[in-house]
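These are my notebook entries on a structure that is new to me. I set down each point as I looked it up.

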Amino acid sequence: MRFFLTCLAADLRASLTEPGDILAQLGFFIMITALFVLAAGPESDRLALIGLAGLWMAALASMVPAFERLYEAEARSGWLDQLLVSPQPVWVFVLAKAAGYYISHAVPLLLASPLMMIWLTLPLALLPVVLASLGLGLAGLILLGALGAALTLGARRGAILAAILVLPLSVPLLIFGVLAGQAALSQAPVAPHLQLLAAAVLFLLVLMPLATGFALRTAAENG
Amino acid sequence: MAGFFAMGGYGAFVWTGWGLTLVFVLLLWLHTETRLAKLQSQLQSQAENGKTDAKNLPEA
Amino acid sequence: MFDYLANPTRFMRLADYTVWPLRLIAAAGLLIGSWLGLASSPADYQQGDAVRLMYVHVPSAWLALSSYLMLGLASLFFIVWRHPLADIAARAIAPAGAGFAFLTLVTGALWGAPIWGTWWVWDGRLTSMLVLFFFFIGYLALANGFDRPERGARPAAILAMVGVLNLPIVKFSVDWWNTLHQPASILRSGGMAIDSAMLWPLFTMFAGLQAFFLLMVIQRMRLLLGQARLARLADQQEAS
């Protein structure tokens, strides 16, 4: 537990003292949403229907490209190699990195979502459902990204490769998340979709840190 | 005979589908077997001469 | 048994015996199956001659799916038991599997367009076949994405195992989506009743394509092992 908090604190310190990355990602999210609205036609009735899809796609598009650099600092400084020979469990480090990434990168997106919803002509009454579904979905995505980043550590074209690996895996998250919002729009039960989404995230929470730890060990052993 | 190619009006679909399948099979078969044959002759000559043509190693 | 087969030399020798039988079954299956499928078997009373696409589509789908599972299994062997031939097997399976996944998608679309009036529909089966194809591409990209080829073996194996777990989840999620969006009811999982006259071309093509697939995997494994051997010999020679 202590180790988890140490890693988390270090990660947050690193990312929050250099907010450039976070702001750039947030800017990207906002810009993609804006362009989506323009492409769909701002006055169109269709916009509310597909607005949810646009919101999710913008979130995915802004999160996925940055996964490649998740372990960059630790790998370059040699800290990762140290960790792998230490008695500390690697999966705790992975969980801490994922949590740190969530706090520094996903939360800003969630905070910006009310404005995005207004642009996409989504009724603000949906805000709780959108925050819940997007909040869970981004958690799952980041867990997948943790694995993707570990698998592509040291690869050529790591960013696009990590994206290619993560996106097919994230299809269930996307589907359950959008369905939750659509259910809210049509006054249908939201709970089943959120429950499935939560189940998926829980599954990833258990599996991804372990698989990622294994992948990191592989990456370090083979250089 | 014309009926065979027309496939009851579905000719374009049936022949494209079957064509792609058979072309894929043929090309993969030829590609793999010829590469393997070439490799085996290289290994053979290596065993005979004790020399390997290091510049002409086959690619996967 | 697996320890016995793990020895590359022994494997190569045993594989030699399978090559000619597989070649014969593949050739015979494909030739006879093509004749039966395209010429000798009857047209369907509902679908006409378009049903002939079933004889390439269904075996392709089976091969795409089974090769994907084989890839996962080989990857498991590689990661857990460090079976030396497992990685070679996985690398041999992936390209052929990707090809059959692609063929499944294309022949399925060609079959669907005239019969069901649509080139594509996002139901559970089609979407998960598409995701399966993406996975093969991702696997190949990862396995070959490093400067040193061996470096990609274990990440790719991890990806393959995660992918096998993910595919049923993807299919479920898309089916879940579809129960709420009321798609066309034409694509029921029951499908069509198959006339016994159609079983022969189907079975023959199945046998031919399956034998072809196994042949390609074995030949490619021999190719990869031989290349490694040749490279080692060249290195030794350069050193001496």
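**Entry 1. A residue in a loop of chain A**

In which loop of chain A does A:Thr121 lie? I located A:Thr121 in the loop between helix H6 (90-119) and H7 of chain A. I note at the outset that the model is predicted. I looked up the backbone of A:Thr121 and found phi near 55°, a positive value in a residue other than glycine. I then asked whether A:Thr121 counts as buried or partly exposed. A:Thr121 has 17 C-beta neighbours inside 10 Å and therefore counts as partly exposed, because a residue is called buried from 20 such neighbours and exposed at 12 or fewer.

**Entry 2. Another positive phi**

I turned next to A:Gln187, which is not a glycine and yet has a positive phi of about 55°. I found A:Gln187 in the loop between H9 and H10 of chain A. Only the neighbour count remained to be looked up. A:Gln187 has 7 C-beta neighbours inside 10 Å, so it counts as exposed.

**Entry 3. A proline after H3**

Where is A:Pro65 found? I placed A:Pro65 in the loop between H3 and helix H4 (72-77) of chain A. I counted 15 other C-beta atoms within 10 Å of A:Pro65, which means that this residue is partly exposed. Leaving aside residues up to four places away in sequence, I recorded that A:Pro65 touches A:Ala159 and A:Ala163. I also looked up the separation of A:Pro65 from A:Met208. The C-alpha atoms of A:Pro65 and A:Met208 are 19 Å apart in space, and the two residues are 143 apart in sequence.

**Entry 4. Helix H8 of chain A**

I checked the length of H8(A) against expectation. The 12 residues of H8(A), at 1.5 Å a residue, should span 16 Å, and the end C-alpha atoms are 17 Å apart, so the two values agree. I then looked up burial in this helix. Of the 12 residues of H8(A), 9 are buried, and the helix is therefore largely enclosed by the rest of the structure. The buried residues of H8(A) include A:Gly158, A:Leu161, A:Ile164 and A:Leu169. A:Ala163, which A:Pro65 touches, is also among the buried residues of H8(A).

**Entry 5. How H3 meets H9 in chain A**

At what angle do the axes of helix H3 (residues 46-63) of chain A and H9(A) cross? I found that the axes cross at roughly 145° and come within 9 Å. The crossing in which H3(A) passes H9(A) is right-handed. From H3(A), I listed A:Leu52, A:Ala53 and A:Trp56 as making the contact. From H9(A), I listed A:Leu174, A:Gly177, A:Val178, A:Gly181 and A:Gln182. Sorted by class, this contact has 5 nonpolar residues, 3 polar residues and no charged residues.

**Entry 6. Chain A against chain C**

How many residues does the contact take from chain A and from chain C? I recorded 22 residues from chain A and 22 residues from chain C. On the side of chain A that touches chain C, at least two residues each come from helix H7 (127-151), helix H8 (158-169), helix H9 (171-185) and helix H10 (191-222). By class I found 16 nonpolar, 4 polar and 2 charged residues on this side of chain A.

**Entry 7. Chain B against chain C**

Which chains share the most contacts? Among the 2 pairs of chains in contact, I found that chains B and C share the most. Their contact takes 36 residues from chain C and 28 residues from chain B. H7(C) gives the most to the side of chain C that touches chain B, with 16 residues. That side of chain C has 22 nonpolar, 8 polar and 6 charged residues. No contact joins chain A and chain B, and I noted 19 Å between their closest C-alpha atoms.

**Entry 8. Chains B and C by themselves**

I looked up chain B and found 2 helices and 0 strands. Of its 60 residues, 20% count as buried. Chain C has 7 helices and 0 strands. Of the 240 residues in chain C, 48% are buried. The C-alpha trace of chain C spans about 70 × 45 × 30 Å along its principal axes. Among contacts in chain C between residues at least 6 apart in sequence, I noted that 79% join residues at least 24 apart.

Definitions and conventions
Residues are numbered from 1 along each chain as its sequence is written. Chains are lettered from A and ligands numbered from 1 in the order in which they are written. This is a predicted model: local features need pLDDT of at least 70, side-chain atom pairs count only at pLDDT 80 or more; totals for chains, interfaces and linings use all residues. Two residues are in contact if their C-beta atoms, placed from the backbone, lie within 7 Å. Helices (H or I, at least four residues) and strands (E, at least two) are DSSP runs, numbered from the N terminus. Ala, Val, Leu, Ile, Met, Phe, Trp, Tyr, Cys and Pro count as nonpolar, Asp, Glu, Lys and Arg as charged, and the others, Gly among them, as polar. Axes are lines fitted to C-alpha atoms, for helices over the stretch in contact, and angles run from 0 to 180 degrees between N-to-C directions. A crossing is left-handed if the near helix is turned anticlockwise from the far one by less than a right angle, and right-handed if clockwise. The expected span of a helix is 1.5 Å times one less than its number of residues.
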